[in-house]
Structure formats: C-alpha cells, structure tokens
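Colleague: I've got a few "how do you know" questions about this one. Can we put it on the screen and go through them?

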Amino acid sequence: MALFYFKRSMRDVVGHLILIVLPVILIGFFDYIYRSSDLISGIHDPGNIFITVLTIGFTLTFQIYGGALTFETIGADFFTPMQGRLLATPMASRRILLSILSMGTLVSFLQTLAVMGFSMVFLRAKIPAFPV
C-alpha cells in the first residue's frame, strides 16, 4: 500500500514544481536582493550566512505546504465517496492512513533534499550539519 501512495504522490508534477522550483527561485531572488543592497543588517557576514538562513527558512516554510498536500490526500480518500471503497478493502484503515502519512513524509523529505542540495551546489549555501 505504501508503494501505491508513493507512486501516487510522485505523479503530482505541478505540486513538485511548486515545492521544489518555487523555493529555489525565491532563495536566489532574495539572495540577489541582499547582495545588491547597501543596507547593513545584523546578519551581514562575509561568510555567506544569509543564503544559509534563506535556504533553511524557505525549506521549513514549504514543508507546511507538503504537509497540506498529505492531508489533502487523506481528505480525498476518507471524506469523499471513495471512503466506502477504501473501507471495503481487506486492509485496515489505520494501515492505509499510516502509509499515506509515511509516504507524504518521505516525498516531502526528498523535496527538501532537492532544495537544500541545489542551494548548496549552485548558490553556495554552507550547511555544515547537512549529512546529519
């Protein structure tokens, strides 16, 4: 059942574009604005810490949207007429729910790795605890 929900969530191309490409564009845009402005802020550091703050901040912000997509899947499965068909399967409903939540978490984690990896490689964000 988990494999089915993994495949189902991977087919949402528009959702992946929103949750991967949009944060990368916003991180690059705000980093460009910060580098080209003459404002002095409290986090102005030659060690390029601002791009790291942006990367982690946007990654955590877009995790909320990833969680919302997971709960939309739960809502579509359990609060529509499809509920009767799901409850008629030999699978326990708790197991179906657990597979939706675990695969939603896995897909969201993969999206986070993509955003952070892109930021580290192309935008030179330094995230020392990335392997952890």
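Modeller: Sure, and keep in mind that this is a predicted model. One term up front: a nonpolar core is a set of buried residues such as Val, Leu, Ile and Phe, joined through side-chain atoms within 4.5 Å. Buried means under 20% relative accessible area.

Colleague: What makes up the largest nonpolar core here?

Modeller: There are 12 residues in that core, among them Leu19, Ile27, Phe50, Leu54, Phe58 and Val115. The elements giving two or more residues to this core are helix H2 (13-36) and helix H3 (49-78), and H3 gives the most, with 5.

Colleague: And Ile74, what does that belong to?

Modeller: Ile74 sits in a second, separate core of 7 residues, which also includes Ile96, Ile100 and Met103.

Colleague: Why do you call the chain more spread out than a compact globule?

Modeller: For 132 residues the globule rule gives 14 Å, but the radius of gyration is 19 Å, well over that, so the chain is more spread out than a compact globule. Along its principal axes, the C-alpha trace spans about 65 × 25 × 25 Å.

Colleague: How many helices and strands does the chain have?

Modeller: The count is 5 helices and 0 strands, so the order from the N terminus reads α-α-α-α-α, each element being a DSSP run numbered from that end.

Colleague: How much of the chain counts as buried?

Modeller: With the cut-off at under 20% relative accessible area, 30% of the 132 residues count as buried. The chain exposes about 8,700 Å², and carbon and sulfur atoms supply 73% of that.

Key. Residues are numbered from 1 along each chain as its sequence is written. This is a predicted model: local features need pLDDT of at least 70, side-chain atom pairs count only at pLDDT 80 or more; totals for chains, interfaces and linings use all residues. Side-chain values use heavy atoms; hydrogens and water are left out. Buried means under 20% relative accessible area, exposed over 50%, partly exposed in between (1.4 Å probe, protein chains only). Helices (H or I, at least four residues) and strands (E, at least two) are DSSP runs, numbered from the N terminus. The radius of gyration is taken over C-alpha atoms; the globule rule is 2.2 Å times the number of residues to the power 0.38. Accessible areas come from the Shrake-Rupley method with a 1.4 Å probe; for residues, only the protein chains shown count as cover.
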